[in-house]
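Here are my notes on the fold, written to be read alongside the model. Have a look at the picture first, then go through the points in order.

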Amino acid sequence: QGFFQSVGREHGCFTIRGKSIDLKIRTSRTFVFCEGRYRQLHHHGSIEDAQLLSTYQNAVISGKVG
């Protein structure tokens, strides 16, 4: 019956083996009206900073920061 989208920024922290990376993520969400209330249908996040994305990906793959 209805839907809406929201966009924004999220800040978080990824920690592995006692070392942390501060994350800055651009996000979008889509909500649909279903059974009398809005429910989240989709959520997407992107790390825009190429160096930050690379650092995060390497930490996830290797299991360590740096």
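**Notes on the sheet, the helix and the charged pairs**

1. Let's start at Y38, which sits in strand β3, residues 37-46. Strands here are DSSP runs of E with at least two residues, helices are H or I runs of at least four, and both are numbered from the N terminus. A word on what you're looking at: this is a predicted model, where local features need pLDDT of at least 70 and side-chain atom pairs count only at pLDDT 80 or more, while totals for chains, interfaces and linings use all residues. Residues are numbered from 1 along each chain as its sequence is written, and side-chain values use heavy atoms, with hydrogens and water left out.

2. Is Y38 buried or exposed? Neither quite: Y38 is partly exposed, at 43% relative accessible area. (Buried is under 20%, exposed is over 50%, and partly exposed lies in between, with a 1.4 Å probe and protein chains only.) Together with F4 and F33, Y38 makes a nonpolar surface patch of about 270 Å². Such patches take residues with over 30% relative accessible area and no salt bridge, joining nonpolar side chains (Val, Leu, Ile, Met, Phe, Trp, Tyr) within 5 Å and like charges within 9 Å. The areas come from the Shrake-Rupley method with a 1.4 Å probe, and for residues only the protein chains shown count as cover.

3. Now the sheet. Three strands make an open, antiparallel sheet in the order β1-β2-β3. β1 (3-16) and β3 are the edge strands with a single partner each, so each has one side without a neighbour in the sheet. From one strand to the next, the twist averages 30 degrees.

4. How many bridges pair β1 with β2? The antiparallel pairing of β1 and strand β2 (residues 19-34) runs over 14 bridges; strands count as paired if DSSP finds at least two bridges between them. H11 stands opposite K24 in β2, and Q5 has T30 in β2 as its bridge partner. The hairpin of β1 and β2 has two residues between the strands, and R17 takes a positive phi near 50 degrees there.

5. On the other side of the pairing list, β2 and β3 are antiparallel over nine bridges. Here V32 stands opposite R39 in β3. This hairpin also has two residues between the strands, with E35 at a positive phi near 55 degrees. E35 is exposed, at 70% relative accessibility, and its side chain meets that of R39 in a salt bridge (3.3 Å, N to O). R39 is partly exposed, at 30%.

6. More on charges. A salt bridge means a side-chain nitrogen of Lys or Arg within 4 Å of a carboxyl oxygen of Asp or Glu, and the count comes to four. One of them joins R9 and E48 (2.7 Å, N to O). This pair links distant parts of the chain, with R9 in strand β1 and E48 in the loop between β3 and α1, 39 residues apart. R9 is exposed at 56%, whereas E48 is partly exposed at 46%.

7. R29 and E10 also meet in a salt bridge (2.7 Å, N to O). R29 lies in strand β2 and E10 in strand β1, 19 residues apart. Both partners are partly exposed: R29 has a relative accessible area of 25%, and E10 has 25%.

Note on methods: Axes are lines fitted to C-alpha atoms, for helices over the stretch in contact, and angles run from 0 to 180 degrees between N-to-C directions.
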